[in-house]
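Okay, everyone, thanks for coming. I'll put the sequence and the structure up, and then we'll walk through a few spots together.

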Amino acid sequence: MTTGAQTPRSPARPPRSRLRTFLPLGVAAWLVLEIWLLTVVAGASSGFVVFLLLVAGVVLGSVVIKAAGRRAFRNLTQTLDQQQSATRSAIPPEARPNSEGNGLMMLGGLLLILPGLISDALGLLLLLPPVQKAVSRYAQRTVERKLREATPGTLGGAFHQARMHCPDGKVVQGEVIRDDPDDAPQDPRPPLTR
């Protein structure tokens, strides 16, 4: 026997995005394909050759990541030096054409470090400058399109909304009370003693 109001039904969940649906399946298929390809290469040659390929990928990937990190740090230092000298001389700093591509080089190095032949091939492709330019242009267009499609608002407004709602969906109301410094007593507080 129940008394009182009926419990409200939970609001409908938003539909799952395609990325959340297919990403785990894609990762699982990629892992199975990598393992299968490594066993095919090991069967065609030997396990030692596969081991050497994997070690070479790790070594080459770490060299690429180290070189890209050094280049990024050098570009950062040059940019800071240019800005400091430009503020002193009031000449605007000019952009350097080789200051991009470090992130894609690091991603290519990371793909080389990951064990597998497909990830090694993708990592080597990302080291080519024409591929880097194409991927960079595609990523820039995608980000610009997503920003145009985004709803207007500020980051602070989104943060406020996130803090205002509890995980169970209830809104927590609150009020801030501030004491004015004029209302504070003028007597100094006594020192703390033990």
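So, to start: in which helix is leucine 52 found? It's helix H2, which covers residues 47–89. Before I go on, please keep in mind that this is a predicted model.

Let's stay with leucine 52 for a moment. Its relative accessibility is 44%, so leucine 52 counts as partly exposed; the cut-offs here are under 20% for buried and over 50% for exposed. And leucine 52 has company: together with Phe48, Phe51, Val55, Val59 and Val63, Leu52 makes up a nonpolar patch on the surface. Add up that patch and you get about 570 Å² of accessible area.

Now let me zoom out to the whole chain. We've got 6 helices and 0 strands, so reading from the N terminus the elements go α-α-α-α-α-α. How much of the chain counts as buried? Out of 194 residues, 13%.

Next, a helix pair. Have a look at H3, residues 102–113, and H4, residues 117–126. Their axes come within 7 Å and cross at roughly 160 degrees. Anything over 145 counts as roughly antiparallel, which is why H3 is roughly antiparallel to H4. As for handedness, the crossing of H3 past H4 is left-handed.

While we're on H4, find serine 119, which has its place in that helix. Buried or exposed, what would you say for serine 119? Buried: serine 119 counts as such because its relative accessibility is 1%. From the C-alpha atom of serine 119 to that of glycine 109 there are 10.0 Å, with the two sitting 10 residues apart along the chain.

Last stop, tryptophan 30, over in helix H1, residues 18–44. Tryptophan 30 comes in at 29% relative accessibility, so the label there is partly exposed. Which residue have I paired tryptophan 30 with for a C-alpha separation? Isoleucine 118: the two are 88 residues apart along the chain, and their C-alpha atoms are separated by 8.6 Å.

Okay, that's my tour. Happy to spin the model around if anybody wants another look.

Note on methods
Residues numbered from 1 in each chain as written. Predicted model: local features only at pLDDT ≥ 70, side-chain atom pairs only at ≥ 80, totals over all residues. Heavy atoms only, no water. Patch = residues over 30% accessible without salt bridge, like charges linked within 9 Å, V, L, I, M, F, W, Y side chains within 5 Å. Areas by Shrake-Rupley, 256 points an atom, 1.4 Å probe, with all protein chains shown as cover. Salt bridge = Lys/Arg side-chain N within 4 Å of Asp/Glu carboxyl O. Helix = DSSP H or I, 4+ residues; strand = E, 2+ residues; numbered from the N terminus. Buried < 20%, exposed > 50% of the residue type's maximum accessible area, 1.4 Å probe, protein only. Axes fitted to C-alpha atoms, helices over the stretch in contact; angles between N-to-C directions. Parallel < 35°, antiparallel > 145°, perpendicular 65-115°, else oblique. Left-handed = near helix turned anticlockwise from the far one by under 90°.
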